[in-house]
Amino acid sequence: MARPETGGLIRWATESDPEGPDSSRITPVRLLGEEPVRITPDWLWTPTPIKGAFEGLNFGKGRTANKARRKVEDLARGLRLSAAPDAVADESAIYELRLGGDGSRYVQGAYAGFKLGRAFEHVLISGEPGTVLADKPDTVSIVLGGCNGSNRATISTNLEGRRTSFQLGSHGAEGNADEFINSAGFVRWLSFYEENLARLAATFAGNAMVHSPESVRYSVVIDVPWRAYWLYMLSAVQQGQTSARAYNRWREEVTRRCRLGSDRTLDILREVLGERFDRTDIIDQDELAPLGGILEDMEPGRAPDLQFLVDTMRNSGDPLWNMILDPDLREKVKFLNRPLSREVRTVQELCGASYVVAVLRRMLAGAVMSVNDYVEQTIEHFVREWTKVLTEHAKVTFGGTSFAVYPFSHFVPLEEGGVLYRRDPGHVVTVNDRNGISGFDHGEWVDPVALLPRSYLW
């Protein structure tokens with residue numbers, strides 16, 4: 001429940017229940033009062049920006065939170081939202097705290113309060129909406145990121161019927177095939193992680209659209225990681241660490257999963273937008289579609305190498321892909337102060353490039369706002385880097401630039417450094433609420449998916 005009768009906001013810490021490895025519990029945390037509240041070891045809420053030292057942390061002069069709030073005001077002003085910018089931007093903040101290599105904790109960043117309609121969110125914004133939306137554009141593209149499965153929903157087994165390390169899906173993108181994969185797929189329903197991400201992203205995007213002028217035309221791109229997930233099996237097929245049957249089943253499972261996730265996102269957008277949904281351009285997009293035929297024909301003993309797939313994308317007739325895979329341009333792009341390798345070396349790099357191209361393609365037409373899980377921040381980093389390189393060295397003319405919004409998830413793992421994709425609590429959890437702040441009985445079991453519509457409002 002986002003607004004309990006006792007006041008404040010409710011966010012939830014998720015954890016594995018000590019009573020059993022397959023059960024989980026969620027603990028409500030009320031964000032209220034004049035003192036900071038620790039949601040989990042990684043997240044700290046405060047009613048106003050912190051300055052100076054607090055609990056051994058150095059918050060400096062409060063500039064991180066003030067900058068985050070200024071970006072929210074810029075977003076509200078640029079999209080011409082129905083509420084005044086200083087009313088949309090709330091003084092409260094949520095700080096992301098991380099452990100350094102020496103064991104000391106530091107402030108990674110700040111999420112600013114965002115109030116619009118019935119929604120009270122906290123958001124991290126990468127990029128400068130004030131610059132992207134300076135001309136108050138009449139057309140805006142919104143790119144919604146997606147992800148398939150989770151540690152509970154992605155299942156693969158070896159010849160002994162035991163789970164393999166491939167169960168996280170993206171493990172296969174690292175080029176590893178440590179054991180034979182006898183079967184791989186997903187549970188039949190969307191995981192809590194997938195449901196939460198769809199609700200978080202689509203509700204925020206839809207709420208911003210509903211509260212902007214009718215004259216602003218939006219295109220919503222659902223960036224579907226379809227062939228990217230097919231590719232996660234590439235190394236296993238190349239090395240004979242799976243069968244044709246298992247690979248074909250994986251492709252079928254991924255295809256079904258992408259449709260299921262896309263449909264859920266559309267349902268939420270339809271719910272939030274109401275009549276405006278029919279006036280919104282919805283685009284299902286898979287940037288790796290040119291690889292479809294090759295991947296469909298692939299089987300053990302007849303698998304292409306990665307370079308062949310890269311060459312296929314570069315020679316697909318798409319100018320953007322030709323440039324993104326150009327060795328001379330790639331080495332001009334920096335990440336962590338180091339240039340990219342001239343050639344794509346892993347499936348992970350190729351899949352990552354597809355998410356970047358999805359945003360760049362919309363920038364050819366105009367301004368872009370991405371909405372995604374905060375763990376995907378590298379996408380926007382590469383978008384900015386590639387924008388500079390393509391503009392300066394390839395003379396590409398973009399119709400607009402981009403920024404990204406990462407709404408704070410109302411459900412975060414209690415485990416230090418945990419991310420929900422790998423700490424999915426599942427569909428059956430017990431409520432750990434001895435103080436009675438959530439409206440549930442302590443020890444009551446619930447499906448946390450049922451809490452999402454009441455938590456993410458608009």
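In which sense, parallel or antiparallel, do β10 and β17 pair, and over how many bridges? In this predicted model, β10 and β17 run in the parallel sense and are joined over 5 bridges. Within this pairing, L144 has V371 of β17 as its bridge partner. Strand β10 also pairs with strand β13 (residues 217-223), again in the parallel sense, over 6 bridges. Here S219 in β13 is the bridge partner of S141. Of the 6 residues of β10, 5 are buried, so the strand is largely enclosed by the rest of the structure.

These pairings belong to an open sheet of 10 strands, arranged in the order β3-β4-β7-β8-β9-β18-β17-β10-β13-β14 with mixed pairing. The edges are occupied by β3 (37-40) and β14 (281-285); each has a single partner strand, so one side of each is left without a neighbour in the sheet. On average, and with direction ignored, neighbouring strands of this sheet are turned by 30 degrees against each other. Elsewhere in the sheet, strand β4 (residues 43-46) and strand β7 (residues 89-99) pair in the antiparallel sense over 4 bridges, with W45 standing opposite I94 in β7. Helix α1 (residues 63-78) packs on the sheet and touches β7, β8 (105-116), β9 (119-126), β17 (367-371) and β18 (402-407). The direction of α1 makes about 30 degrees with that of β8.

A further open sheet is formed by 5 strands in the order β19-β1-β2-β20-β21, and its pairing is likewise mixed. Its edge strands are β19 (411-413) and β21 (445-446), each with a single partner strand, so one side of each is left without a neighbour in the sheet. Strand β20 (residues 429-431) pairs with β21 in the antiparallel sense over 2 bridges, and T430 has W445 in β21 as its bridge partner.

Strand β11 (residues 154-157) and β12 are also paired in the antiparallel sense, over 4 bridges. In this arrangement, T154 stands opposite F186 in β12. Along β12 (residues 183-186), S183 and G185 point one way, whereas A184 and F186 point the other way; all are buried.

The largest nonpolar core comprises 116 residues, of which L231, L360 and W386 touch the most other members. Helix α4 (residues 192-210) gives the most to this core, contributing 11 residues. When residues up to four places away in sequence are not counted, L231 touches L288, L291, L295, L309, V347, L350 and C351. Another core lies apart from the largest one and has 16 residues, among them L9, I94, L124 and V412.

Attention then turns to empty space in the model. The largest pocket holds about 1400 Å³ of space. It is lined by 46 residues, and those closest to its centre are Q348, G352, Y355, E376 and T378. At least two residues of the lining are supplied by each of β10 (139-144), β16 (338-339), α12 (347-363), β17, α13 (377-393) and β18. The largest share, 8 residues, comes from α12.

Several individual residues in loops were also examined. E287 is found in the loop between β14 and α8 (292-297). Because its relative accessible area is 8%, under the 20% limit, E287 counts as buried. Leaving aside residues up to four places away in sequence, E287 touches M313, W321, S354, V357, A358 and R361. From P47, E287 is 240 residues apart in sequence and 42 Å apart in space, C-alpha to C-alpha.

Two other loop residues have a positive phi although neither is a glycine. For K136, phi is about 45 degrees, and the residue is placed in the loop between α3 (129-132) and β10. K136 is partly exposed, because its relative accessible area of 37% lies between the limits of 20% and 50%. For L336, phi is about 55 degrees, and the residue is found in the loop between β15 (334-335) and β16. With a relative accessible area of 66%, which is over 50%, L336 is exposed.

Key. Residues numbered from 1 in each chain as written. Predicted model: local features only at pLDDT ≥ 70, side-chain atom pairs only at ≥ 80, totals over all residues. Heavy atoms only, no water. Buried < 20%, exposed > 50% of the residue type's maximum accessible area, 1.4 Å probe, protein only. Pairing = 2+ DSSP bridges. Core = buried A, V, L, I, M, F, W, Y, C linked by side-chain atoms within 4.5 Å. Contact = heavy atoms within 4.5 Å. Axes fitted to C-alpha atoms, helices over the stretch in contact; angles between N-to-C directions. 1 Å grid on protein atoms, 1.4 Å probe; cavity = no way out; pocket = protein on both sides within 12 Å on 5 of 7 lines; lining within 4 Å. Points joined across faces, edges and corners; volume = space filled by probe spheres on them.
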